[in-house]
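Subject: Structure for your files

Hello,

Here is the structure I said I would pass on. Please look through it before reading my notes underneath.

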Amino acid sequence: MKRFVLAIALLTFAVPLFASTQKEVYNVPCSQLWPALKDTLRNSGKYGIIGIDNTEMTASYNIGGNVTGKRINSAVLNSKDDGMNCELQVQTAYSGLFNDDAGDLKKRVNESLAKL
């Protein structure tokens, strides 16, 4: 029992070690990508919105459930190449064996972008 508790404690404190920022450049202006990101966060049924700033094009959200626990992530859009391209930065609390928060968000944003 002590080993189990110790293992859980170590994993709990090790989660911040898995935090990362992942970047993806889209060949569309941020004014087109931002509605797709907001649509993904609002309508996918996977995210709980903590905050959205339309001026700065940033969003904080949580994801997760019972097994892996809730994780707080954020996304920000940065204009590139004189506004012709847009970089999506996803700051994720955890991506590991069971979760790929940034990859899942990017996939859903791609679907929303195609839909819009």
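The notes below go from the overall fold to the disulfide, the core and one helix pair.

Please keep in mind that this is a predicted model.

Overall fold. The chain has three helices and five strands, and their order along the sequence is α-β-α-β-β-β-β-α. It is 116 residues long, and 34% of these residues count as buried. Taking the contacts with a separation of 6 or more, 50% are between residues 24 or more positions apart.

Disulfide. There is one disulfide in the structure. It links Cys-30 and Cys-86, with an S to S distance of 2.1 Å. The link is right-handed, at 95 degrees about the S-S bond. Cys-30 belongs to helix 2 (residues 30-43) and Cys-86 to strand 5 (residues 85-92), so the bond ties together parts that lie 56 residues apart in sequence. Both ends are below the 20% cut-off for a buried residue: Cys-30 has a relative accessibility of 7%, and Cys-86 has a relative accessible area of 0%.

Core. The largest nonpolar core has 20 residues, and the members that touch the most others are Leu-33, Leu-37, Leu-77, Leu-88 and Leu-105. Two or more residues each come from helix 2, strand 3 (58-65), strand 4 (69-80), strand 5 and helix 3 (101-115). Helix 2 gives the largest share, six residues. Leu-33 may be a useful place to start when viewing the core. Outside its neighbours within four places in sequence, Leu-33 contacts Tyr-26, Val-28, Leu-77, Cys-86, Leu-88, Val-109 and Leu-113. One half of the disulfide, Cys-86, is thus among the contacts of Leu-33.

Helix pair. Helix 2 also packs against helix 3, at an angle of about 115 degrees and with the axes 8 Å apart. The crossing of the two is right-handed. On the helix 2 side the contact is made by Gln-32, Leu-33, Ala-36, Leu-37, Asp-39, Thr-40 and Leu-41, and on the helix 3 side by Leu-105, Arg-108, Val-109, Ser-112, Leu-113 and Lys-115. Of the residues in this contact, seven are nonpolar, three polar and three charged.

In short, helix 2 holds one end of the disulfide, supplies the largest share of the core and packs against helix 3.

Regards

Key: Residues are numbered from 1 along each chain as its sequence is written. This is a predicted model: local features need pLDDT of at least 70, side-chain atom pairs count only at pLDDT 80 or more; totals for chains, interfaces and linings use all residues. Side-chain values use heavy atoms; hydrogens and water are left out. A disulfide is a pair of cysteine sulfur atoms within 2.5 Å. Helices (H or I, at least four residues) and strands (E, at least two) are DSSP runs, numbered from the N terminus. Buried means under 20% relative accessible area, exposed over 50%, partly exposed in between (1.4 Å probe, protein chains only). A nonpolar core is a set of buried Ala, Val, Leu, Ile, Met, Phe, Trp, Tyr and Cys residues joined through side-chain atoms within 4.5 Å. Contact means heavy atoms within 4.5 Å. Axes are lines fitted to C-alpha atoms, for helices over the stretch in contact, and angles run from 0 to 180 degrees between N-to-C directions. A crossing is left-handed if the near helix is turned anticlockwise from the far one by less than a right angle, and right-handed if clockwise. Ala, Val, Leu, Ile, Met, Phe, Trp, Tyr, Cys and Pro count as nonpolar, Asp, Glu, Lys and Arg as charged, and the others, Gly among them, as polar.
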